[in-house]
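Subject: the structure we talked about

Hi,

Here is the structure for you to open alongside this message. My notes on strands, sheets and helices follow below.

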Amino acid sequence: MKYDVAIIGGGPAGYTAAERAAKKGLSTVLFEKNALGGVCLNEGCVPTKTLLYSAKIYDSIKHAPKYAVSAENASFDYPKIIARKNKVVKKLTAGIRMKMKEATVEVIAGEAHIQKREADGTISITVGDTSYEAAHLLICTGSETVIPPIPGLSDTEYWTSREALLNKELPTSLVIIGGGVIGMEFASFFNSMGVDVQVVEMLDKILGPMDRELSNMLQAEYSKKGVKFHLGYKVTGIHGTDITIEKEGETSTLHGDKVLLSVGRRPVTKGFGLENLQIEPYRNGVKVNEFMQTSLPNVYACGDITAFSLLAHTAVSEAEVAIDHIAGQQHPMSYKAIPGVVYTNPEIAGVGKTEEELQAKGIPYQAKKIPMAFSGRFVAENEMSNGVCKLLLAEDGTVIGAHLLGNPASELIVIAGMAIEKGMKAEEVTRFVFPHPTVGEIIKEALL
């Protein structure tokens, strides 16, 4: 049972690495104790976006009269929405299994445990009583939900994203602890479904490191929709359906039929024998170089385990870099243009530097900002709505940041991301011919 490459974890990093390695002629084994696709496909990115799309369709029907279309008695079937989500996940996980089979990847369903690294570098791994050996190891174990030490929490039937996605009945009211990306996406969904939603966030803004101006605009949009925000508050206790929060020494109590925890995620570093390798740590994960190597040169780490960018698309890119390096191709991982997207309605997306980051470092810049309404296509498709396109330029005109609020920000942000990655100047971007009418033209309009 000897392989060129062994991979622990079948999420975006793991299955990407496995397919790429096998297609490069490397004998590959992939260990996954739960389901292929990892958190992203089974209880994260894909299922939440499936639910959010149902919510978006429902919102569109409710607001159809704005577009001179009659749509009366709009309704939804929540159990069927959940069933469709499950169907989508099942279809995509089956697709990954087929990819692994076609690439001749050996997939082992079970909990892998690293035993040791031999003197010649060979890594020994066991699953139950079966042993495996590999010349190279990729650790792609992902992350898990952070459960904060809130008094009374252990006695409360709270939700994490997993339970929220599995639940087949809507609560009457929901208190979301954490106003980051996960919290806001669930706030968006449940608000659209008619649930009374409150969001508690310790920071003075939602969406953490994302552009403050656009985050504030999104918060205002959801406040109009009925979501209540409690910013700068700490949750000090949960007792049944009562949630105690505190700010500047003053306490108050919120009520929610359900409590959803979304205060962040942390790398999974325990339970698979990582301690037997004694590799160098970084934050609460493991340290890697530009080729995703750990302090042991034949042991690589990709995805959330690196404790750097807990995003599926980052994990995929890291896996590609790692496998290419094993195969003798050296191209370093670049984090200069990693897009961040929040799939609320409207969407918000950012890539590169933010104004707050540049100001904190004293880096001079120029901001180019215009309303999304400068795009004819946006006006045609977003009645009574607005948004913003903000592009940040260095002193020499190089595009170094981009932040968009308005649909479809998730699709447009990649245009700016490519410009940032390639170090393009504004005048270079404006020479591209954008199709008309498209919302994407807003990027060119902002630069001009």
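First, the vocabulary: two strands count as paired if DSSP finds at least two bridges between them, and the elements themselves are DSSP runs numbered from the N terminus, with helices being H or I over at least four residues and strands E over at least two. Keep in mind that this is a predicted model, where local features need pLDDT of at least 70, side-chain atom pairs count only at pLDDT 80 or more, and totals for chains, interfaces and linings use all residues. Residues are numbered from 1 along each chain as its sequence is written, and side-chain values use heavy atoms, with hydrogens and water left out.

Let's start with β6 (residues 130-139). It runs parallel to β1 (residues 2-8), joined by 6 bridges, and Val5 has His136 as its bridge partner there. β5 (residues 123-127) is antiparallel to β6, with 5 bridges between them; Thr126 is matched with Ser131. The hairpin these two form has 2 residues between the strands, and Gly128 takes a positive phi near 65° in it. β6 also runs parallel to β18 (residues 299-301) through 3 bridges, with Leu137 opposite Val299.

Then there is an open sheet of 5 strands, antiparallel in its pairing, in the order β19-β20-β23-β22-β21. β19 (340-342) and β21 (366-371) are at the edges with a single partner strand each, so one side of each has no neighbour in the sheet. On average, neighbouring strands here are turned by 10° against each other, direction ignored (axes are lines fitted to C-alpha atoms, for helices over the stretch in contact, and angles run from 0 to 180 degrees between N-to-C directions). Within the sheet, β22 (residues 388-393) and β23 (residues 399-405) share 6 antiparallel bridges, and Lys390 stands opposite His403.

Helix α7 (residues 212-224) lies across β20 (348-352), β21, β22 and β23, at about 5° to β23. Contact here means heavy atoms within 4.5 Å.

Last one: which residues of α3 are buried? Among them are Pro47, Leu51, Leu52, Tyr58 and Asp59, where buried means under 20% relative accessible area, exposed over 50% and partly exposed in between (1.4 Å probe, protein chains only). Their cover includes α2 (38-43), α4 (78-102), α5 (161-166) and α6 (181-192). α3 itself (residues 45-62) has 18 residues and reaches 26 Å from first C-alpha to last, close to the expected 26 Å, which is 1.5 Å times one less than its number of residues.

Cheers
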